[in-house]
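Let's take a friendly walk through this model, chain by chain and then across the contacts between chains. Have the coordinates open as you read.

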Amino acid sequence: MKYETVIGLEVHVELATNSKIFCSCSAHSYGAQPNEHVCPACCGMPGMLPVVNKRVVDYGIKAGLMLGCDINRTTTFDKKSYYYPDLPAAYQTTQWFAPVAVNGLVEIETSKGKKGIRIKQIHMEEDAGKLVHDIREDTTHVDFNRTSVPLIEIVSQPDLSSAEEVEAYLERLKTLLRYARVAECEMAHGTMRCDVNLSVRPVGSNKLGVRTEMKNMNSIEAIKRAIEYETARHIDAVENGTEVLVQETRRWDDIKGKSYAMRTKETAGDYRYFPDPNVMPVVIDEAWFESMKNSLPEFPEVKRARYMQEYGLSEYDAEQLTKSIALCECFEGASAVCGSPKDATNWILSEIMNLLNLRQMTYDMLTVNGKSLGELILLVSNGKVGRANAKKVLSAMFDNPELSPEKYAEENGLIISNDTGLIDKVVKEIVASDPKSVADYKGGKEKALMALFGRCMKTLKGNCDPQVLRKILIDYIAKV
Amino acid sequence: MKIYNAKKEITCDRKIVVDDMILTTDMPTTAGSKMLDGYVSLFEAEVLTRAGNAGYGVIGKTSVGEFAIDLVGETAQDGALIEDGILKSATAEAIKSGDAICAITLDVNGSVRRSVAQNSLVSVKPTYGTVSRYGTIPVACSGETVSVVAKTATACRELLDVIAGHDDKDGTSLPETEIAKVSETKPVRRIALLTDMTKGVDEETSARLDAFSKKLTALGVEVVSVENSIIPVSRVAWNILMSAELCNNVSRYDGVKYGYRAQNFTNIDELYTNSRTEAFGELLKTAIIFGSETLSTENYMKVYDKALRVRRVIVEEFARLFADYDAVLTPACSMMAYPESVRADKYISYKENFYTAPASITGLPAVVAEGAQLIGKAFSENALLDLVALCEKEGK
Amino acid sequence: MDRDTLRRLGMLNQLSLTDVQKEEIIAFFDERESEAKAELDVIDTSDVERMVHVMPVFTVVREDVASQPFTREALQAGAPETDEGYWCVPRVLE
């Protein structure tokens, strides 16, 4: 008999906010000292009251819209109770009764073509702390930096049927959420984590098999291996009766390449949800909803097509630019200002990419704004700043996104001089100092001219229109 | 006297006490529980900052029953306060003795109102959301309110004026525009005496209620006896909501981050269970177990959700009454003194809160004076206090 | 309410109950149950919406600004056990 795998995912995504969801502690736990970003509220002390971070709701709405969801115009928070050392108040504030977004649809593409994956809901909640087990043998060390960092949990319907689809789905979520600038979605940083619900059934059957859940998967490769292993285990159990499948939570050991049933308590799953009396319902009015909707970017493929059609970019260039919303925004801003999409593309795909690499920054970390880049491109094309000096300006723009390229160039002596008197003087000096090159050039060696030209340009610190310099140089040599 | 002394010398003449549910940074806050023995908060309650800025000085803290859900504080970890076989409240004693002119307390389950009624003091439990709960030990957050106790309505009013106001740090704090409604005081002219709320009271309590009612009538206030079968249901619904919220709020005390930790344990569950079992008292444990069960998957709709719906029924019933009356009059307790023997029933506060639950579950303002309780419309606390002040003036 | 459910509730809430307490709690539950039946269940709430918050206030939010006014040392001053800046518990098996 042939079997198909039925997979539903619960994906936890850390939202890219400055502060935590209910208190003002920094939300950036990655790389911090243990318990550095903690306050009485997020280490479970009594007396502080939760006040919702507005940006979390903004991002919840944006994520919902990006994933094709309906937004619940009144969304509420609830408490979920259980004891575990990573949960300092012994309850997690989450959304049980009225999550921010429901009924979405995400389109994925695999080798088998396109497919829609339905989203059941997206809810906002606080993250738990981190447990460290490798400092002392008998002790678990508890770090609350991550406690109350805002998350969204994206719950899919069981519409996925292979590791390939799961990978495509996770990649799609990552792309869309990064495009909306709500999350980093980096599994290696723990800013995207995944619970996999899996069962098998004979092809053509409508009845779902026994479902097992693997929690907290944090690499796509591990997820793929786990799905393959679990699928084989389930089919083996159904086909050959090797074991009796039970609905349970399993832990994936990626080193051994096996999943194990987790020891569960009798009381597991009894979370006693109830509405949080301390958090008032959040009502998303028309103005708020519209402003979130209007702030969303086009989907990457829409942008790509438009860049080719509207700006005349090659497929390759369009593909490269649309890899990151930050590149897109920079490109669109620069093109509008300088009027040359081709120049903007070249600057971004060469100089900006170089600087990002040099500074070990991801595309999304680009802060150079498109308007400034456009101004810089104009300075070059209008002959006011030389290309080499323009790169210096761009580097300064990385350090300070507010910087005005023209002002910076002026203040740092990077503007091309139209003072032909100065150029004449420099040309005279250089020609006089290098009679051999002059003779070589006159003897037909074009390269010798380039050497003279380069030395003049260097003495002029690049601040001169290359065309003007070239003409003055040739004219002068002809005279001597 | 169950007052923990403040470390600093208090020289001001506006001396106050605060009960042990209000967080202080220079004295421990224990919520009457062994669990928090010696616990010192890193921040102080917003109400204390406001009172301090207005020249009030805290001379000490008054003990409360464990998480303030008992009768008058008798389940405090340092023992019940008993004099001549009568249960006393530390807060009431501090005011009666003149040690402090006012007290700031957290009214969770009416224990403040009961002891105020029994000691002929005055207290005001303001409209929910008008006084910040930032820096109070959370128990039953949907209904508990910071309250003020004093000898007179005027003294209550002065302190309440200082501590009321919007606070960004409390997500349930009302906007200033709403809180301003307390100054739009319309005098109280018609009062409904809820006859169904007087059941179970002893003769003395009944007599106090009558006397107060007569005094009000003499002042030109119309007091009408009204039957109502909905308001008395408050207790049963409130007990469910209070216990469930309590269960959740005290789950944070587990022996890990601060507070009491058991000596003996071999794993995390034993650490949790032994710490909580050793540090919590019996009433609290029962409340936790009961609250937990009301939230179980099986009971949620039947019990907890039902209580939330009944809360709305009660709120709407009050609104109907307030269409005809400016306030309602009820007792605050069933007897004018609790003999020590009432403790034979460990769970007596789950019954005796019959009188205080209506204001707790609705968040309506309640003023206790002359051994009786006035419950008013939202934001009418000043009107209620004015009326009591008028009574006080007449009495002189 | 029976003893086994009570044992489970004890576990759920990390409380260990003596037999005497269990008897008392069972009686407590019986009383609560009968009064709920007599007083709450008789009220028709089929058309009534639940009321979590007594005041009609919505959308209380704050701006996304981070601050760190409390030090780890202060937060851990009253901790039963800490090590290298962490709170400590007996090893939790993974």
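The report below covers the chains, a sheet, and two interfaces.

This is a predicted model, in which local features need pLDDT of at least 70, side-chain atom pairs count only at pLDDT 80 or more, and totals for chains, interfaces and linings use all residues. Residues are numbered from 1 along each chain as its sequence is written, while chains are lettered from A and ligands numbered from 1 in the order in which they are written.

**Chains A and B**

Chain A holds 15 helices and 17 strands, where helices (H or I, at least four residues) and strands (E, at least two) are DSSP runs numbered from the N terminus. The radius of gyration of chain A is 30 Å, well over the 23 Å that the globule rule gives for 480 residues, so chain A is more spread out than a compact globule. That radius is taken over C-alpha atoms, and the rule is 2.2 Å times the number of residues to the power 0.38. The domain assignment divides chain A into domain 1 (3-286), domain 2 (297-411) and domain 3 (420-479); such bounds come from an automatic or database domain assignment. Between the C-alpha centres of domain 1 and domain 3 of chain A there are 67 Å.

Chain B, with 13 helices and 13 strands, has a radius of gyration of 20 Å, which agrees with the value near 21 Å for a compact globule of 396 residues.

The table sets out some values for these two chains. A residue counts as buried if 20 or more other C-beta atoms, placed from the backbone, lie within 10 Å of its own C-beta (exposed: 12 or fewer; partly exposed: in between). Two residues are in contact if their C-beta atoms, placed from the backbone, lie within 7 Å.

| Chain | C-alpha span along principal axes | Buried residues | Share of contacts with a separation of 6 or more that join residues 24 or more positions apart |
|---|---|---|---|
| Chain A | about 100 × 60 × 55 Å | 45% of 480 residues | 70% |
| Chain B | about 70 × 55 × 45 Å | 64% of 396 residues | 76% |

**A sheet in chain A**

Chain A has an open sheet of nine strands with mixed pairing, in the order β3-β7-β8-β11-β1-β12-β13-β14-β15. Two strands pair if DSSP finds at least two bridges between them. At the edges stand β3 (70-71) and β15 (258-261) of chain A, each with a single partner strand, so one side of each lacks a neighbour in the sheet. Strand β14 (residues 248-253) of chain A pairs with β15(A) in the antiparallel sense over four bridges. R251(A) has Y260(A) of β15(A) as its bridge partner.

**Where the chains meet**

The contact between chains A and B takes 25 residues from chain A and 33 residues from chain B. On the side of chain A, these are 18 nonpolar, four polar and three charged residues. Here Ala, Val, Leu, Ile, Met, Phe, Trp, Tyr, Cys and Pro count as nonpolar, Asp, Glu, Lys and Arg as charged, and the others, Gly among them, as polar.

The contact between chains B and C takes 52 residues from chain B and 41 residues from chain C. On the side of chain B, two or more residues each come from α7 (234-249), α8 (268-279), α9 (282-294) and α10 (300-324). Of these, α10(B) gives the most, with eleven residues. The chain B side divides into 25 nonpolar, 13 polar and 14 charged residues.

Helix α8(B) deserves a separate look. Its buried residues include I268(B), L271(B), Y272(B) and A279(B), and the buried residues of α8(B) pack against β3 (86-90) of chain C.
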